[in-house]
Amino acid sequence: AAAAAAAEEEEAGFSWSPQPVLDSELRGTRRMLLTEAATIQQNVPNATTILGPVANLMACEREDVAYALSSLLGNKLLCYVTIKEDDCTALYTYLKEHYGVCKVLSLEAARVHSEPVDQSHPQQPLRIQPQPGAEQALNSDPTGMRFGFVGYAANLVHLSPALLQQPIYSGGGGGRGTSRQAMSLRQTLCSYFFQKIMVFEDSKGWLAFKAALKSTGYHLEPYTKLLGLDGTRANMSSGMLEADGTRGKDNRAAELQVCLGGVPLEAQKQAPLDARVQRIVTSVKELQDVHAKQQAALTSRAAADAALASAAVARDGVNRNLQPEVEQAQAELGNLQAELKRIQRAKDASAGTSAARARAGPASASAAGPGAGPSGRGANPARAQQLQDAQAILGQGLRSRGSHAHPGTAGGKRGGAGGEDGQNSGEGARKQPRRG
């Protein structure tokens, strides 16, 4: 797409010279009127509003448009232009005396009826109101492939930015009943020479435009003129269609010895007037916008990749710093897990022992001996020793009492030994009567 746009730029004449093109056959006075314009302006006394010849005031974006409009203007390209009528008279006198041949136009005296301008555009093109039906027909061909409409001739030439800001007070000749109003160079000079001429790529385009307009019930108004870049013309006021065979610099008419210059590339990009150039500039801008977005995306991606790489480096550094701590924590975790298993085994063994004792019952507790205690648990050696000492003291006391008991008693035991002494004495009392 970029290559196609570049080829389109080259074909459209973007490299066109910004100065008027003079044919080698243009000699003598006619050539001097153009080459000596600056000297002429300086030599005319008290003339402050001389703008120069028409060929030096206008420039076109495309080479083929420049040749077509130059062919249309013809010798008017050598016409000198002034703003004030007094300067026009002084310049005319000077040129006639020194060059013999001259054409001079005063914009203040010229009768023009122009349209308002578009202030939003740097070149301030005219807001030309299309004739009925024409705007609808042209809007039906936005790509320009059907009609090839280039634009109105008055809006296809670039003017000096300084001259665009120059107010011109034109009153239609200053006659009675006319009003003087400030106008621009495009409203006066361009309207005067080009009026409402419509320019097309070729005759095929303007013939299709005429047919489309007629099919909607409209006809071209009598003052309408159509101009093709292939050297064709149509004049509706006379009904004449012409073809002079001129197209571009390689096949122009022999009498065309002066041609309008071109517009620098940057000026065209900033303020295109030609419809075809406008489409090219729009396409180039769209391509540039896409390229800029792609570059921005690539830049963002590179920044993201750099951030990820930096994060990876930081992560690796953190991992290296934490590795000893991680290994120590893992070792401690292993020790804790081993301790937990050891505690669990001891707990399981204790639970098994308690269950076995519970199943053995009271008999097991008695078989455990005095040291086992009343509850059958011999887990406290000091307590067992205390019990043994108590039993020994009790045994000595019983034996001491038994030596003083009644001879008839069987064991001499009483009281604290579970009631044995009381029972033996009772049995001896019951048996005595029988013996007696």
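Are Asp64 and Arg62 buried or exposed? Select the pair to begin the tour. Both Asp64 and Arg62 are buried. They form a salt bridge, with the closest N and O atoms 3.0 Å apart. Keep in mind that this is a predicted model.

**Whole chain**

Zoom out and colour by secondary structure. The protein chain has 14 helices and 15 strands. Of its 436 residues, 37% count as buried. Now show the surface. About 26000 Å² is exposed, and carbon and sulfur atoms supply 52% of that area. Contacts reach along the sequence too: among those with a separation of 6 or more, 68% are between residues 24 or more positions apart.

**A three-stranded sheet**

Select 59–60, the residues of strand β3. This strand belongs to an open sheet of three strands, in the order β7-β3-β15, with mixed pairing. The edges are β7 (157–158) and β15 (261–262). Each edge strand has a single partner, so one side of each is left without a neighbour in the sheet. Strands of a sheet pair through backbone hydrogen bonds, either parallel or antiparallel. Here β3 and β7 run antiparallel, joined by two bridges. Pick Cys60 to see one of the pairings: its bridge partner in β7 is Val157.

**The loop between β5 and α7**

Go next to Asp118. This residue sits in the loop between β5 (104–106) and α7 (134–139). Asp118 is buried, with a relative accessible area of 17%. Show side chains. Asp118 makes a side-chain polar contact with Ser120, at 2.6 Å. Leaving aside residues up to four places away in sequence, Asp118 touches Gln124, Pro125 and Arg127.

Stay in the loop and click Gln124, which also lies between β5 and α7. Gln124 is buried, at 8% relative accessibility. Check its backbone: phi is positive, about 50°, although the residue is not a glycine. Most residues other than glycine have a negative phi.

**Across to the loop between α9 and β10**

Which residue meets Glu115 in a salt bridge? Select Lys196: the two side chains meet at 3.3 Å, N to O. Glu115 lies in the loop between β5 and α7, and Lys196 in the loop between α9 and β10, so the pair ties together parts that are 81 residues apart in sequence. Glu115 is buried, with a relative accessible area of 16%. Lys196 counts as partly exposed, at 26%.

Now click Gln195. It is in the loop between α9 (185–194) and β10 (198–200). Its phi is near 50°, a positive value in a residue other than glycine. Gln195 counts as partly exposed, at 48% relative accessibility.

**Helix α12**

Select 275–367, which is helix α12, and find Val318 there. Val318 counts as partly exposed, at 43% relative accessibility. Add Leu322 and Val326. With Val318 they make a nonpolar surface patch of about 220 Å².

Move along to Arg342 and Glu339. Their side chains meet in a salt bridge, at 1.8 Å, N to O. The two are three residues apart in helix α12, separated by about one helical turn. Arg342 is partly exposed, with a relative accessible area of 43%. Glu339 is partly exposed as well, at 33%.

**Last stop: a network**

Finish by selecting Arg62, Asp64, Glu201, Asp274 and Arg276. Salt bridges that share partners join these residues into one network. The structure holds eight salt bridges. The tour thus ends back at Asp64 and Arg62, the buried pair.

Methods
Residues numbered from 1 in each chain as written. Predicted model: local features only at pLDDT ≥ 70, side-chain atom pairs only at ≥ 80, totals over all residues. Heavy atoms only, no water. Pairing = 2+ DSSP bridges. Helix = DSSP H or I, 4+ residues; strand = E, 2+ residues; numbered from the N terminus. Buried < 20%, exposed > 50% of the residue type's maximum accessible area, 1.4 Å probe, protein only. Contact = heavy atoms within 4.5 Å. Areas by Shrake-Rupley, 256 points an atom, 1.4 Å probe, with all protein chains shown as cover. Patch = residues over 30% accessible without salt bridge, like charges linked within 9 Å, V, L, I, M, F, W, Y side chains within 5 Å. Salt bridge = Lys/Arg side-chain N within 4 Å of Asp/Glu carboxyl O. Polar contact = N/O pair within 3.5 Å; in protein donor to acceptor, adjacent residues only side chain to side chain.
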